[in-house]
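These are my notebook entries on a structure that I looked through step by step, writing down what I looked up and what I found.

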Amino acid sequence: MTTPLAWSRDAVLIAPSVLAADFANLGRDVAAVERGGADLIHVDVMDGHFVPNITIGQPVVRALKRIATRPLDVHLMIEEADRYVDDFVGAGAAMVSVHVEATPHLHRTITHIKSLGVKAGAVLNPSTPVSSLAEIATELDFVLVMSVNPGFSGQAFIRQSLDKVRRVRELLTEAGSSALIEIDGGIDASNAREAVEAGATILVAGNAVFGTANAETAMHTLRAAATAALQP
Ligand code: DX5
Ligand code: ZN
């Protein structure tokens, strides 16, 4: 049984990225982060074209769906996402995000993802301007702000992303959009609080969780850091 998706700007959701997990022990690692309070399981799909790495495909998402008790947040870093969206939703994705840079008919793709009954997100690379969301803001369930250049786990956080999150929040507010903001790349206990204060409520973390000796404990550390932003 999967827990329902908690969809509110009042909650901080933590989404460990299995890209940094041990692929030979994926079930063990997912169970560890779920014990540690993971809200979502973030799945990085890369095609070796849009980004310089090849990772996870639809069969792995289907396998994760069998064992995960949290909703699957599928981040598509691929060209021609339209060809694969149905497959990933069929495999069990609860959220699907596509890159603005790789999706020429973004309105069509976002509308289609939502028609499948899952949450639809648009992703911005670090060099992509916030203004590229202006005409799609009201259609989005969430915006994913990349705080590293996509392709690999374990890269250094780009600090300018914090200001970008603030500007995305402003754009969404001005547009009357209730979309949530997710941040992905280099998130750890040292910057989680700033990310939440800037307006992100979904935090993705790979290396900071699975790159430690104990992923369950690392989840608690990250949660404490992230929710410190909510204390008076
Ligand atoms: C990067 C991926 C991220 C990555 C995050 O292309 O989209 O989700 O796994 O890993 P860390 O937290 O290690 O930067
Ligand atoms: Zn990701």
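The entries below go from the ground rules to the metal site, the strands, the cores and a few single residues.

**Entry 1, ground rules.** I note that this is a predicted model, in which local features need pLDDT of at least 70 and side-chain atom pairs count only at pLDDT 80 or more, while totals for chains, interfaces and linings use all residues. Residues are numbered from 1 along each chain as its sequence is written, chains are lettered from A and ligands numbered from 1 in the order in which they are written, and side-chain values use heavy atoms, with hydrogens and water left out.

**Entry 2, the zinc ion.** Which residues are the protein donors of the zinc ion (ligand 2)? I found His42 (NE2), Asp44 (OD), His75 (ND1) and Asp184 (OD), lying 2.0 to 2.3 Å from the ion. Donors are N, O and S atoms within 2.8 Å of the metal (3.2 Å for Na, K and Ca), and water is not among the atoms, so sites may look incomplete. In sequence the spacing of these donor residues reads H-x1-D-x30-H-x108-D. His42 in strand β2 and His75 in strand β3 (residues 72-77) are 33 residues apart, and the pair links distant parts of the chain. Helices (H or I, at least four residues) and strands (E, at least two) are DSSP runs, numbered from the N terminus.

I then looked up the geometry: the 6 donor atoms around the zinc ion (ligand 2) subtend angles of 70 to 169°, and the arrangement is therefore octahedral. For six donors this word requires that opposite donors are over 155 degrees apart and all others between 65 and 115; four donors count as square planar by the same limits, or as tetrahedral if all angles lie between 85 and 135 degrees, and anything else is irregular. Both His42 and His75 are buried, where buried means under 20% relative accessible area, exposed over 50% and partly exposed in between (1.4 Å probe, protein chains only).

**Entry 3, the parallel strands.** I followed the strands by their pairing, which is called when DSSP finds at least two bridges between two strands. Strands β3 and β4 run parallel and are joined by 5 bridges, and the zinc donor His75 has Ser97 as its bridge partner in β4. Strand β4 (residues 93-99) also pairs with β5 in the parallel sense, over 5 bridges, and here Ser97 has Gly121 as its partner, while Val98 stands opposite Ala122. From β5, 4 bridges lead on to the parallel strand β6 (residues 142-146), where Val143 is the partner of Ala122.

How enclosed are β4 and β5? In β4, 7 of the 7 residues are buried, so the strand is largely enclosed by the rest of the structure; in β5 (residues 119-124), 5 of the 6 residues are buried, so this strand too is largely enclosed. I also noted two right-handed β-α-β units, one made by β3, α3 and β4 and another by β4, helix α4 (residues 106-115) and β5. Right-handed means that, with the strands pointing away from the viewer, the path from the first strand over the helix to the second runs clockwise.

**Entry 4, Ser97 itself.** Ser97 counts as buried, because its relative accessibility is 0%. Beyond residues up to four places away in sequence, it touches Val74, His75, Leu76, Gly121, Val123, Phe142 and Leu144; contact means heavy atoms within 4.5 Å.

**Entry 5, the nonpolar cores.** A nonpolar core is a set of buried Ala, Val, Leu, Ile, Met, Phe, Trp, Tyr and Cys residues joined through side-chain atoms within 4.5 Å. The largest one has 67 residues, and those with the most contacts inside it are Val18, Ile41, Val74, Leu76, Leu133, Val168 and Leu203. Apart from it lies another core, of 8 residues, among them Ala15, Leu40, Phe142 and Val204.

**Entry 6, Val85 and Glu80.** Val85 lies in helix α3 and is buried, with a relative accessible area of 1%. Leaving out residues up to four places away in sequence, Val85 touches Leu76, His112, Ile113 and Leu116. Glu80, in the loop between β3 and α3 (85-91), is partly exposed, with a relative accessible area of 48%. I marked Glu80 since it has a positive phi of about 55° although it is not a glycine.
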